[in-house]
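Welcome! Below are some short exercises, each followed by a worked solution. Try each task yourself before you read on.

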Amino acid sequence: MEKKKQAWIQSLQSVSEDLSEVEEPPSEPPGSGNSDPPAPRRSRPARPRPSARFPLNEKTNAFRRKYFPGVTVSQWNDWHWQVQNRLRTATALSRVLDLSQDERAALQRSSSRFPAAVTPYYASLLDGEDPLQPLRRSVIPVLDEFVPSPGEADDPLGEDHDSPVPGLVHRYPDRVLFLVTGFCSTYCRYCTRSRMVGHKGGHAGKKQWEKALAYIQETPSVRDVLISGGDPLTLSDDALEWLLQRLRAIRHVEFVRIGTKVPAVLPQRITGALVRLLRRHHPLWMSLHFTHPDELTPEARTACARLADAGIPLGSQTVLLKGINDDAATLKALYHGLLRCRVRPYYLYQCDPISGSAHFRTTVAKGLEIMEGLRGHTTGYAVPTYVIDAPGGGGKIPLLPDYAQGADGQDLVLRNYENRTFRYPGAFDRPSPAPSEPAPYRMAN
Ligand code: SF4
């Protein structure tokens, strides 16, 4: 039994040296139950060698030489090494960052609430001196995280309420969210699921996966499964293969989506073996979590290119964050960069009101102002849909600046991105009784 458990731990993440009290992977393999699933392939003699051809940007290479002088390029480009050597404590992070008192105190407290972890690769992109650098703010905790504000909640989207079986959220009639792991290589401080990621007991085990698969199997209305977590791409190839095979074997599941931040924080994970595996399970779509243009390094661009070359349609998801990316120029740079990587900007999220998130949240007016700064000012493909995921479980509600000004007779009065007024004739069945007031605020369909 102990041997079996060890094999599974190795197979799942190959990070057994890194397993702590806080982060523990499932203890049993999916596939050992009664349903006779295809067995994960476990007889591979050795871990696949990291690609020597994977890029290493100049800044990151200088960081490697300075802080990890004994680590070869090949080791650095091995995603297992990156996960095993994540920086998780004040002591470890202070080796590479000049921590402020605020950050140091928050790191000492964060392990009990929402742990910190940063891959060495992502740490190489942080500014060692400036605690306000956008990327640094997104992954290094500060004491504001411990200050609750009115309206905040640990589960603001009410996901637990819409969960027919643990680890599965069924909110919309035809699709489900399958939370397959509570593990991420790097923890974003604004994480909507901080209540369940990075914690002991937050991982989906074999029994939980089987229950979720059984629910999907028994629910023919489910045609679309979004695999998320935690970060599903931190699972081993074997575990992913097993999961995708099981899902693709369900006839009414038309396609599968994967949500991940791996291309931004652990691009080395996008190996040749992984993309070959993924392309066996088309139609497969991916939502990539990017926050800031500084994440679009040669490494991240290579990861996206490999996924795109495997025929996976790529969309991006970005959370609007105060002082990090809350201006049109920053987001425009991010979206232009993503399009060059063949990633279509998909959603811009208003930051969810999770507990202790006030320091990250902008006003909605700011979000709308940014959308105005994008629409018409750049390629339509570079303009995502700005949404609020309604607190309490209302789902995603899109928001648009007020371009429709109201009715005049049978005409619809519109303004364009330059604030010039235009009319669309015959927009209404009958003349409006009087020129209407400009619409105060309009949501998109
Ligand atoms: S990658 Fe996603 S699940 Fe993981 S910490 Fe960031 S936001 Fe949360």
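## Exercises with worked solutions

Cys-188 lies in the loop between S2 and H9. Before we use that, two ground rules. This is a predicted model, in which local features need pLDDT of at least 70, side-chain atom pairs count only at pLDDT 80 or more, and totals for chains, interfaces and linings use all residues. Residues are numbered from 1 along each chain as its sequence is written.

**Exercise 1. Describe the surroundings of Cys-188 and Cys-184, and say whether each is buried or exposed.**

Step 1: place the residues. Helices (H or I, at least four residues) and strands (E, at least two) are DSSP runs, numbered from the N terminus. Like Cys-188, Cys-184 sits in the loop between strand S2 (175-179) and helix H9 (206-217).

Step 2: apply the burial rule. A residue is buried if 20 or more other C-beta atoms lie within 10 Å of its own, exposed if 12 or fewer, and partly exposed in between, with C-beta atoms placed from the backbone. Cys-188 counts as buried because it has 21 C-beta neighbours inside 10 Å. Cys-184 has 29 such neighbours inside 10 Å, so it is buried too.

Step 3: list the contacts. Two residues are in contact if their C-beta atoms, placed from the backbone, lie within 7 Å. Not counting residues up to four places away in sequence, Cys-188 touches Ser-138 and Val-139. With its neighbours within four places left aside, Cys-184 is in contact with Val-197, Gly-198, Gly-230, Asp-231, Thr-234 and Lys-261.

Step 4: check the record. UniProt, in an unreviewed entry, places the feature "binding site" at Cys-184, Cys-188 and Cys-191. Its positions are given in the numbering used here, feature names are shortened, and annotations may be inferred rather than shown by experiment.

**Exercise 2. Which residues surround the ligand, and how do they divide by type?**

Step 1: find the shell. A residue is near a molecule or strand if its C-beta atom, placed from the backbone, lies within 6 Å of it. The residues around the ligand are Cys-184, Tyr-187, Cys-188, Cys-191, Arg-193, Val-197, Gly-229, Gly-230, Asp-231, Lys-261 and His-289.

Step 2: sort them. Ala, Val, Leu, Ile, Met, Phe, Trp, Tyr, Cys and Pro count as nonpolar, Asp, Glu, Lys and Arg as charged, and the others, Gly among them, as polar. The shell divides into five nonpolar, three polar and three charged residues.

Step 3: look at the backbone. The peptide bond from Gly-229 to Gly-230 is cis, with omega near 20°. Gly-230 is in the loop between strand S3 (224-228) and H10.

**Exercise 3. Work out how the length of H10 agrees with the expected span, and why this helix is largely enclosed.**

Step 1: compare the lengths. The expected span of a helix is 1.5 Å times one less than its number of residues. H10 (residues 237-248) has 12 residues and reaches 16 Å from its first C-alpha to its last, close to the 16 Å expected.

Step 2: count the buried residues. Nine of the 12 residues of H10 are buried, so the helix is largely enclosed by the rest of the structure. Among them are Trp-242, Leu-243, Leu-244 and Leu-247.

**Exercise 4. Describe the site of Lys-396, and say where it is found.**

Step 1: read the record. An unreviewed UniProt entry places "modified residue: N6-(pyridoxal phosphate)lysine" at Lys-396.

Step 2: place the residue. Lys-396 belongs to strand S9 (residues 395-399). It counts as partly exposed because it has 14 C-beta neighbours inside 10 Å. Leaving aside neighbours within four places in sequence, Lys-396 is in contact with Val-387 and Asp-389.

**Exercise 5. What sign does phi have in Arg-342 and in Asn-419?**

Step 1: recall the usual case. Most residues other than glycine have a negative phi, and most peptide bonds are trans.

Step 2: take Arg-342. Its phi is positive, about 65°, although Arg-342 is not a glycine. Arg-342 lies in the loop between helix H14 (328-340) and strand S7 (343-350), and is partly exposed, with 15 other C-beta atoms within 10 Å.

Step 3: take Asn-419. Phi of Asn-419 is also positive, near 70°. Asn-419 is in the loop between strand S11 (411-415) and strand S12 (421-424). With 7 C-beta neighbours inside 10 Å, Asn-419 counts as exposed.
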